[in-house]
Amino acid sequence: MTKPFFVACIILAYSIMFAHYDNLKSENPPQLTPALPETIYKASLGFLQQLGAEVLYIKTKVFLGGSDPVVSLEKTMTLSNYFEIVNSLHPDFIDTYHFTESTLPWISPEQTRIANRILINGTQTHPDNYMLPFYLGFNHFYFLKEHKAASTYFWQSSKLEGAPSWFGHLAATLSSKSGDIIGGLILLRAMERNESSEVTKARYQHDIVEHEKAVAVFKAVQLFQSKHGRYPNNLMELTPETLPALPIFSNEYKLIYAPPELRLVKHDEEQ
Amino acid sequence: MQFNNITSLARIIILDGIRRHALLGLLLLSLFSEIMGLFFMDFISHDVGRASSDFLFSIMWLAGLLFLFFHAVQVISWDEERGVIYSILSRPLSRASYVIGVFSGLSVLLILLHAVLGIVALSTLIWIQSMLDPTYFQTLSLPHFLLSWCGLVIAQLVVLSVVMLFSGLVRGGFPVLLLSVAYYAICTALPTVRESFYQNAATTDTNGVAALLLQILTAFFPDLTDLDYKNSVLIETLTTSYSNIAAHFLITSFYCVIMIACACFAYNRRDLQ
């Protein structure tokens, strides 16, 4: 009688302590512990290096999928470190590139450059994959505003098998003088066409409308130049002869004219 | 005559291994783990084929290591601890033939284990491929799968030959196990040390003696990942040349033969009492 009772008490005590400890653990936000140096993984895994990389990838993915995004942002250096290690351990593994692109560049320009380093490794390991130079082009265009570099990568991507025809057009547009607005519009239209989420689609549509207004002004500036042989000193000179009225942009966007360049910028990009 | 004795001893080792519950348990556990590869692929969004292939080959590698460290080491030490070796060597069988017989028997068992796991791994990969859109699993190359399988088996035969050598040099299963694990750890880490050394040497003055020492060490502790071809399972064309592959296999085979010869020498010189 005493023995079963004693065993039951032990089991009960364990269950209570476990439940309490587990509840405490679940209250804390999930953590991504700093990764070990890359050489440690390489030196210890050997034949299992690829599996090790995939396990680290899954760990990062599970962390990002399950955590509060604020926590993720605080952990950006750890996060990018994981991506770099996974890529170094298993450069052939394509998921790293897709996941890097969907995660790092959106955080900060510094993280965009880390993502670009990883993607450049990808273009060397997978020279036939048109998505990787496209990601690089997109990062340079959208996040870093480096249109010349963006154009180079879009062009590189457009030449690969399976790449949509508009990649080449985009690259050509971007490389031309002041082509960023038209290039942005093409890209946005393509993104809007392929987007499945209605919320994101609506955001793209809003951006497309703003870009279309900017393109109308850009065309008017070009028309003015061809008529008068010079660029207008300011945009007011366009009205009403070349353009009936200057379009009104949403609070989000601002049109900046520094003859002969015309740029459409977001207010937060100005700062 | 010696050949017949060697094959008889190898047959005993094989039959003994097949009857061992621990080995059957290892086989079942590995098969179960391989089937778990179907769940592993759920975590992967794009490169499902590659991740599954890596997982299956890693399971085979781990199963092989468990076989080497916990079966092969014990089989040899049991022979001594239980005095079986005396009755074997009392027959017209030289010590060198004993070493070759045990090595052959354990090699056949290892190959059998990998053959079963390899067939299940290949079937699992074919099944996974049939379930997916080609975007996620485009190619599965059977010749490259066989090449990866052979590379894995040869790499583990190297470890087995070294286990044989250590068994000849040291008494008792546990010390042999420790030495074998240490040997495997050095083989795994040494390429990284060498790579890191060469990277540093590129920026600073090259230390010729250290470079030579590392090269000599690599001759004793070979880079087993040279025989790792699992990245090629999912591609049509090999990135490594055939001559390179042949060179890797040839060097490793020579290494195995040298280790077995050293083990024969160690057993011949050893006082078994």
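Trainee: Which residues have the most contacts inside the largest nonpolar core?

Mentor: This is a predicted model. Its largest nonpolar core has 153 residues. Those with the most contacts inside it are Phe154(A), Leu187(A), Trp61(B), Phe67(B) and Leu106(B).

Trainee: Which helix gives the largest share of this core?

Mentor: The largest share is 17 residues. They come from residues 48–81 of chain B, which form helix α4.

Trainee: Which residues does Leu187(A) touch, not counting residues up to four places away in sequence?

Mentor: Leu187(A) is among the residues with the most contacts inside the core. One of its partners, Phe154(A), is on that list too. The full set is Phe134(A), Phe138(A), Phe141(A), Phe154(A), Trp166(A) and Leu170(A).

Trainee: Phe154(A) belongs to helix α9 of chain A, a buried residue there. What do the end C-alpha atoms say about the span of helix α9?

Mentor: Helix α9 of chain A covers residues 147–158, 12 residues in all. At 1.5 Å a residue, it should span 16 Å. The prediction agrees, because its end C-alpha atoms are 16 Å apart.

Trainee: Which residues of α9(A) are buried?

Mentor: Buried means under 20% relative accessible area. In α9(A), that picks out Ala150(A), Ser151(A), Tyr153(A), Phe154(A), Ser157(A) and Ser158(A).

Trainee: How many residues of α5(A) are buried?

Mentor: α5(A) has 14 residues, and its end C-alpha atoms are 20 Å apart, in agreement with the expected 20 Å. The helix is mostly covered. Its buried residues include Tyr82(A), Phe83(A) and Leu89(A). The count is 10 of 14.

Trainee: Is His90(A) buried or exposed?

Mentor: His90(A) lies in the loop between α5 (76–89) and α6 (95–103) of chain A. Its relative accessible area is 0%. The cut-off is under 20%, so His90(A) is buried.

Trainee: Which side chain makes a polar contact with the side chain of His90(A)?

Mentor: His90(A) touches residues of both chains, including Gln50(A), Ala53(A), Arg50(B), Asp54(B) and Asn231(B). Its side-chain polar contact is at 3.3 Å. The partner is Glu54(A).

Trainee: What separates the C-alpha atoms of Leu264(A) and His211(A)?

Mentor: Leu264(A) is found in strand β2 of chain A, residues 261–266. Leu264(A) is buried, because its relative accessible area is 13%. It touches His211(A), and also Glu210(A), Ala214(A) and Tyr253(A), among others. Leu264(A) and His211(A) are 53 residues apart along the chain, yet their C-alpha atoms are separated by 7.5 Å.

Trainee: Why is there no bond between the sulfur of Cys262(B) and the closest cysteine sulfur?

Mentor: The closest cysteine sulfur to Cys262(B) is in Cys264(B). A disulfide needs sulfur atoms within 2.5 Å. The count over all chains is zero disulfides. Here the sulfurs are too far for a bond, because the distance is 9.1 Å.

Trainee: Is Cys264(B) buried or exposed?

Mentor: Cys262(B) is partly exposed, at 32% relative accessible area. Cys264(B) has 10% relative accessibility. With the cut-off at under 20%, Cys264(B) counts as buried.

Trainee: Where is confidence lowest in chain B?

Mentor: The mean pLDDT of chain B is 87, and 92% of its residues reach 70 or more. Confidence is highest in helix α7, residues 142–169, at 94. Where pLDDT is low, the predicted coordinates should not be read in detail. In chain B the lowest mean is 64, in helix α5 (residues 84–89).

Trainee: What ipTM does the predictor give the complex?

Mentor: The predictor gives two scores for the complex. The pTM is 0.79, and the ipTM is 0.85.

Methods
Residues numbered from 1 in each chain as written. Chains lettered and ligands numbered in written order. Predicted model: local features only at pLDDT ≥ 70, side-chain atom pairs only at ≥ 80, totals over all residues. Heavy atoms only, no water. pLDDT = per-residue confidence, 0-100. Helix = DSSP H or I, 4+ residues; strand = E, 2+ residues; numbered from the N terminus. Core = buried A, V, L, I, M, F, W, Y, C linked by side-chain atoms within 4.5 Å. Buried < 20%, exposed > 50% of the residue type's maximum accessible area, 1.4 Å probe, protein only. Contact = heavy atoms within 4.5 Å. Polar contact = N/O pair within 3.5 Å; in protein donor to acceptor, adjacent residues only side chain to side chain. Expected span 1.5 Å × (residues − 1).
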